[in-house]
Amino acid sequence: MLVYFGFSFCPDVCPTDLMAIGQAVDKLGPGGDAVQPLFVTVDPDRDTPAHLADYVPFFHSRLLGLTGDATQIRDAARLYRVYYAKVAIEGAAEYTIDHSGFIYLMDRNGKYLGFFPPGTPSDRMVAVIKAHLSAKR
C-alpha cells in the first residue's frame with residue numbers, strides 16, 4: 001500500500017504527490033496491480049465521501065479516498081505519526097491545513113516498509129516498490 005495523508009483543498013503538495021503516486025502505480029505495469037494507493041483526508045469537514053469520490057479519480061482510477069469523523073482521523077494519523085493542524089487564513093473565512101506530507105509504503109499486512117518524502121519522483125517510488133514486490137515472490 002501507498003498511504004498518503006492530505007486534503008483535497010491543498011494548493012500544492014497534495015496534488016503533486018498524489019499525481020506521483022498514480023504515475024508510480026502505472027509505471028509498475030502489471031506489478032502495479034499489487035499496490036493499493038490510499039488517500040486519507042485530514043480535513044473531514046470539507047472532504048466528504050461524495051467529494052472524495054469526485055476528487056481521487058483525477059489521480060488514479062484505483063486510488064481510494066478515506067475519511068471519517070475527526071476522532072477516527074486523529075487516531076489514524078497518530079498511528080502513522082502524521083502531523084496536521086487547521087490554520088485560519090488571515091482576512092478570509094476559509095482555512096488551510098498544515099500537515100506532514102510523507103507517502104508511507106506498507107506491506108500487505110500493514111507492516112511499515114518505509115516512506116517517501118514530499119516531492120519524491122514517481123521513478124524513485126517505482127524503484128523502491130519493485131524491490132519489495134520482487135522480495136515477496
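Which residues of H1 are buried? In this predicted model, local features require pLDDT of at least 70 and side-chain atom pairs pLDDT 80 or more, whereas totals for chains, interfaces and linings use all residues. Residues are numbered from 1 along each chain as its sequence is written, and side-chain values use heavy atoms, without hydrogens and water.

In H1, the buried residues (under 20% relative accessible area, 1.4 Å probe, protein chains only) are Cys-14, Asp-17, Leu-18, Ala-20, Ile-21, Gly-22, Ala-24 and Val-25. They pack against strands S1 (2-6), S2 (37-41), S5 (95-99) and S6 and against helices H2 (49-55) and H4, with contact meaning heavy atoms within 4.5 Å. Helix H1 comprises 15 residues, 13-27, and its first and last C-alpha atoms lie 21 Å apart, close to the expected 21 Å (1.5 Å times one less than the number of residues). Gly-29, with a positive phi near 60 degrees, follows H1.

The protein contains 4 helices and 7 strands, taken as DSSP runs (H or I, at least four residues; E, at least two) numbered from the N terminus. Their order along the sequence is β-α-β-α-β-α-β-β-β-β-α. Of the 137 residues, 42% are buried. Among contacts between residues at least 6 apart in sequence, 63% join residues at least 24 apart.

The lining of the largest pocket divides into 8 nonpolar, 1 polar and 3 charged residues; nonpolar covers Ala, Val, Leu, Ile, Met, Phe, Trp, Tyr, Cys and Pro, charged covers Asp, Glu, Lys and Arg, and polar the others, Gly among them. A pocket is an open set of points on a 1 Å grid over the protein atoms alone, where a 1.4 Å probe fits, with protein on both sides within 12 Å along at least five of seven lines; lining residues have an atom within 4 Å of a point. H4 supplies the largest share of this lining, 3 residues.

Definitions and conventions
Buried < 20%, exposed > 50% of the residue type's maximum accessible area, 1.4 Å probe, protein only.
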